[in-house]
Amino acid sequence: MEYARLGRSGIKVSRICLGMMSYGDPEHRKWQLDIDAARPIVRRAVEGGVTFFDTADMYSKGRSEEITGELLREFFPSRDDYVLATKVYSPMGPGPNDRGLSRKHIMAGIDASLRRLGTDHVDLYQIHRWDPETPVEETMEALHDVVRAGKARYIGASSMFAWQLAKAQYTAEAAGRPRFVSMQSHYNLLYREEEREMNPFCLDQGVGVIPWSPLARGLLTGTRDRNRTGRTARASDDPLVETWYGEAEFDIVDATRAVAEEHGLPPARIALAWLLGKPAVTAPIVGATKVGHVEDAVAAVEVALDEEEVARLEAPYRPRPIMGHH
């Protein structure tokens with residue numbers, strides 16, 4: 001495993017982040033694994049050198065945070081041995097203040113997350129989306145107070161427009177408050193719109209990019225074809241997956257398969273190696289429901305692609321509408 005600073009911050013993370021959304025209550029989502037099923041997967045990640053783990057309050061209505069906290073305490077002797085990230089924004093109750101990025105919800109959200117995680121702090125506290133109903137000054141001030149209280153070490157953002165991230169960073173800097181050190185964006189071989197503005201901005205400003213859905217909901221593993229066979233339980237329960245079944249997308253999948261065959265490797269490793277080779281990217285967030293998924297992700301860190309292979313992977317791409325946020 002390799003380790004890198006998260007943007008220009010001082011904290012170092014493994015170059016693969018294990019996404020914990022796959023673990024929760026199977027009755028909530030049929031593709032989510034309970035703690036006993038998740039245990040060997042997380043153990044293998046730890047054995048492979050993964051020290052970076054990402055969850056969110058809304059994953060499985062909080063059960064993901066509970067499982068995350070329990071397993072990390074089980075596998076790491078010290079709280080300082082891993083980097084723990086969670087998020088706030090999404091609805092956590094029926095009330096009008098049970099969502100968003102108001103001071104009220106952020107303060108309630110961090111305390112609830114810490115209780116579920118069983119820890120006194122998270123290393124990275126992220127806003128899950130942009131909140132157009134709350135002044136950004138209020139949000140950044142509340143996040144500052146979370147950090148000042150010792151409940152979070154750093155703050156990060158997730159999918160939004162580049163101008164929104166720039167506005168938040170300017171607001172924080174002007175007030176002498178902490179800036180976001182990371183951007184968790186939607187970025188993979190099938191969706192590269194972040195290369196237009198967000199990635200260059202993050203690279204220029206020293207914000208680490210930690211992409212979600214790096215394998216496009218599993219399509220870049222090469223297990224599905226143009227006739228939609230080979231769909232997983234997750235793919236059958238995710239409306240975003242439908243957007244991937246186009247000719248241009250499968251041209252990219254075919255190119256990934258071809259490069260993978262030449263290397264004698266699974267397509268997933270090639271798709272992750274491509275992401276890891278992008279200068280703005282610190283660590284893709286990989287969801288895993290099998291031990292083999294973790295092994296492919298960890299092994300991808302050692303895969304080097306040359307310029308000709310990268311060009312072949314990128315050539316079939318066609319511009320897409322914005323996906324993952326509005």
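C17 is buried in this predicted model, with a relative accessible area of 0%, and C202 likewise counts as buried, at 1% relative accessibility. Although both residues carry a sulfur that might invite a search for a covalent link, the structure holds zero disulfides. The reason lies in the distance: the cysteine sulfur closest to that of C17 belongs to C202 and is 16 Å away, which is too far for a bond, given that a disulfide requires the two sulfur atoms to be within 2.5 Å. Seen from the other side, C202 is in no disulfide either, and the nearest cysteine sulfur to its own is that of C17.

From the cysteines we can turn to the enclosed space. The structure holds one cavity of 30 Å³ or more, and the volume of the largest cavity is about 50 Å³. Its lining consists of L101, I127, W130, D131, T134, V136, T139, M140, A168 and F180, a set that divides into seven nonpolar residues, two polar and one charged. Helix α4, spanning residues 136-148, contributes the largest share of this lining, with three residues.

The second largest pocket, an open space, has a volume of about 180 Å³. Around this pocket stand Y89, P91, P96, N97, R99, G100, L101, S102, D131, P132, E133 and T134, and by class its lining comprises five nonpolar, four polar and three charged residues. L101, D131 and T134 deserve particular attention when the two sites are viewed together, since these residues line the second largest pocket and also appear in the lining of the largest cavity.

Technical notes: Residues are numbered from 1 along each chain as its sequence is written. This is a predicted model: local features need pLDDT of at least 70, side-chain atom pairs count only at pLDDT 80 or more; totals for chains, interfaces and linings use all residues. Side-chain values use heavy atoms; hydrogens and water are left out. On a 1 Å grid over the protein atoms alone, a cavity is a set of points where a 1.4 Å probe fits but cannot get out, and a pocket is an open set with protein on both sides within 12 Å along at least five of seven lines; lining residues have an atom within 4 Å of a point. Grid points are joined across faces, edges and corners, and a volume is the space filled by probe spheres set on the points. Ala, Val, Leu, Ile, Met, Phe, Trp, Tyr, Cys and Pro count as nonpolar, Asp, Glu, Lys and Arg as charged, and the others, Gly among them, as polar. Helices (H or I, at least four residues) and strands (E, at least two) are DSSP runs, numbered from the N terminus. Buried means under 20% relative accessible area, exposed over 50%, partly exposed in between (1.4 Å probe, protein chains only).
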